Amino acid sequence: MTRDPSCIFCKIVAREIPAQLVDSGDGYVAFRDINPQAPSHILLVPVNHKSDVTQYDDAQELGEVFKAAARVAEKEGLKGGFRLVVNTGDDGGQTVHHLHIHILGGRSMNWPPG
Ligand code: 5GP
Ligand code: ZN
């Protein structure tokens, strides 16, 4: 397991700071966003610290993260649909530099996202 000692999501993964856990499984943790933008707003975070999607060499490893996000959305009961968002880098609006998938649902989404 790779970890960055200054990373807030690594600390949540290690249960060193509290979060509202939704699910956890092989290689990931899912918890509620502290500042929800939809009735359901879950962050799916891989256990291994990698800053963003550009840091993945292993397509299988990255794919497992998306499979996990789809499972969590299903468990959350988001039958009408949901949105997965992966903000990447400063222009992408990323503020926590540990890859995470936003799972947003419980309302209909707008496009373009802004
Ligand atoms: P980003 O902007 O990097 O894509 O998303 C980071 C997300 O993490 C934001 O939606 C923010 O509300 C959430 N967040 C930041 N710090 C914490 C925290 O300590 N706990 C939880 N549960 N969410 C956090
Ligand atoms: Zn981290």
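Pro112 sits in the segment after strand S5 (101–105), and the peptide bond leading into it from Trp111 is cis, with omega near 5°. Keep in mind that this is a predicted model. Besides that backbone oddity, there's a ligand to look at: ligand 1 sits in the largest pocket, with 16 residues around it.

**Backbone quirks**
- Most peptide bonds are trans, and most residues other than glycine have a negative phi.
- The Trp111 to Pro112 bond goes the cis way.
- Arg15 is the other one to look at: it isn't a glycine, yet its phi is positive, at about 60°.
- You'll find Arg15 in the loop between H1 and S1.

**Who surrounds ligand 1**
- Of the 16 residues in the shell, the closest are Arg32, Asp33, Asn87, Thr95 and His102.
- By type, the shell splits into seven nonpolar, seven polar and two charged residues.
- Two elements give two or more residues each to this shell, namely helix H1 (8–13) and strand S2 (28–32).
- H1 makes the largest contribution, with three residues.

**Polar contacts to ligand 1**
- His102 puts a polar side-chain atom 2.8 Å from an oxygen atom of the ligand.
- His100 also uses its side chain: one of its N or O atoms is 2.9 Å from an oxygen atom of ligand 1.
- With Ile34 it's the backbone that does the job, as a polar atom there lies 3.3 Å from a nitrogen atom of ligand 1.
- On its own, ligand 1 has 520 Å² of accessible area, and the protein covers 83% of that.

**Salt bridges**
- Side chains of opposite charge can pair when their charged atoms come close.
- Searching the whole structure turns up four salt bridges.
- One of them joins the side chains of Arg3 and Glu16, at 2.9 Å from N to O.
- Arg3 belongs to the segment before H1, while Glu16 is in the loop between H1 and strand S1 (21–25), so this pair ties together parts that are 13 residues apart in sequence.
- That loop between H1 and S1 is also where Arg15, with its positive phi, is found.

Definitions and conventions: Residues are numbered from 1 along each chain as its sequence is written. Chains are lettered from A and ligands numbered from 1 in the order in which they are written. This is a predicted model: local features need pLDDT of at least 70, side-chain atom pairs count only at pLDDT 80 or more; totals for chains, interfaces and linings use all residues. Side-chain values use heavy atoms; hydrogens and water are left out. A residue is near a molecule or strand if one of its heavy atoms lies within 4 Å of it. A polar contact is a pair of N or O atoms within 3.5 Å; within protein, one must be able to donate a hydrogen and the other to accept it, and residues adjacent in sequence count only if both atoms are side-chain atoms. Accessible areas come from the Shrake-Rupley method with a 1.4 Å probe; for residues, only the protein chains shown count as cover. On a 1 Å grid over the protein atoms alone, a cavity is a set of points where a 1.4 Å probe fits but cannot get out, and a pocket is an open set with protein on both sides within 12 Å along at least five of seven lines; lining residues have an atom within 4 Å of a point. A molecule sits in a cavity or pocket if more than half of its atoms lie within 2 Å of its grid points. Helices (H or I, at least four residues) and strands (E, at least two) are DSSP runs, numbered from the N terminus. Ala, Val, Leu, Ile, Met, Phe, Trp, Tyr, Cys and Pro count as nonpolar, Asp, Glu, Lys and Arg as charged, and the others, Gly among them, as polar.
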